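Please look through the sequence and the structure shown below before reading on. The report that follows takes up the confidence of the model, then its overall make-up, and then two places where helices pack.

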Amino acid sequence: MVAPILRLRLALLANTFRHPSRNLALVLLGIVLGAAAAVAIAWVPSALSADNAVLRADLDTVTSAFVLGLAFVLPLFMNRTHLEPRQFAGLPASPRSIAFGLLFSTVLTWPFLFVCTWLIALTVFRPDWWSAPWAVVLGMGGTLVLAALLGRTASGASKLIFASERAADVRGVLGATIAVAVLPLLFFVVSSAIGDGLERSAADTAAVVGWTPFGAALRGLDLAVAGDLGGALGRFALMLLAIVVLLALWVLVVRVSMQRIDRPVAIGLARSGLG
């Protein structure tokens, strides 16, 4: 089941470039801006920390939580073009195989490619990471898998929860409310960092998010490079546990999606039958 879904996803990815010249220029501009933003997010911690290795590690953890947070939040509200499990319900395949097929097909999506660009740029700006290559493999691989699982699970759960038109309207209002609430929150975070000092704010934030699935992978990588093997293994264990839990949740979402039948819009249609 993985191969057919991958072929479909590849065709959809190639279809991005099948537009009139003006639209194609906008698509290419969006891709360039997305890649530039990914590189900039990787560059900012190195630029702010200079030669301060501790601050740089803390900022890496915070930016990791930011990127994975986006990977989770955005699919909750921006998923109309996503492939969903119910599109494959008529195929002779189990929910588990469809779940893994959809998960593997995530590697051929633009958000996943942007996350890859961010991680590649990180390895360029952090050459000291290669002193612990096993941690690089675990940290980078775990971050990619978490990004894919967070995005898939959020998108699938959103389509289940907000299936009706009225619920979709509620989702739109909720998304707008969150977007508006984020602005003063960002202002508060920036002002706090300036007032209390960047090092203290970054350390306090990293100490919290480093023990969450959003920051554990890169926190473990930085600790391994710093020589704290126990702390690194603890973060990597948390990362692997989060992957297992999210994978089980994703398979459950696919199973429920394929068994669920949407309620007809008109009540009379349900009472009188299809005729």
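This is a predicted model, and across the protein the pLDDT averages 79, with 76% of the residues scoring at least 70. The confidence varies between elements: helix α9, which covers residues 216-226, has the highest mean pLDDT of the elements, at 92, whereas helix α11, which covers residues 267-272, has the lowest, at 46. Over residues 264-275 the pLDDT stays under 50, and for this stretch the model has two contacts beyond four places in sequence.

As for the overall make-up, the protein contains eleven helices and zero strands, so that a reader who follows the sequence meets the pattern α-α-α-α-α-α-α-α-α-α-α. Of the 275 residues in the protein, 38% are buried. Among the contacts with a separation of 6 or more, 78% are accounted for by residues that lie 24 or more positions apart.

Two helix pairs can be set side by side.

| Helix pair | Angle | Distance between axes |
|---|---|---|
| α3 (residues 53-77) and α5 (residues 110-125) | about 175° | 12 Å |
| α4 (residues 95-105) and α6 (residues 133-161) | about 120° | 10 Å |

How are helix α3 and helix α5 placed, with an angle of about 175° between them? Because an angle over 145 degrees counts as roughly antiparallel, α3 is described as roughly antiparallel to α5. On the side of α3, the contact is made by Arg56, Asp60, Thr63, Ser64 and Val67, and on the side of α5 by Val115, Trp118, Leu122 and Phe125. Sorted by class, the residues in this contact of α3 with α5 are five nonpolar, two polar and two charged.

Helix α4 and helix α6 pack at an angle of about 120°, and this angle makes α4 oblique to α6. The crossing in which α4 passes α6 is right-handed. From α4, the residues Leu102, Leu103 and Ser105 take part in the contact, while α6 contributes Ala148, Leu149 and Arg152. By class, the contact of α4 with α6 consists of four nonpolar residues, one polar residue and one charged residue.

Taken together, the two pairs show two arrangements within a protein of eleven helices: α3 runs roughly antiparallel to α5, and α4 lies oblique to α6. When reading the model, a student may keep in mind that residues 264-275 have a pLDDT under 50.

Terms used. Residues numbered from 1 in each chain as written. Predicted model: local features only at pLDDT ≥ 70, side-chain atom pairs only at ≥ 80, totals over all residues. Heavy atoms only, no water. Axes fitted to C-alpha atoms, helices over the stretch in contact; angles between N-to-C directions. Helix = DSSP H or I, 4+ residues; strand = E, 2+ residues; numbered from the N terminus. Parallel < 35°, antiparallel > 145°, perpendicular 65-115°, else oblique. Contact = heavy atoms within 4.5 Å. Nonpolar A, V, L, I, M, F, W, Y, C, P; charged D, E, K, R; others polar. pLDDT = per-residue confidence, 0-100. Left-handed = near helix turned anticlockwise from the far one by under 90°. Buried < 20%, exposed > 50% of the residue type's maximum accessible area, 1.4 Å probe, protein only.
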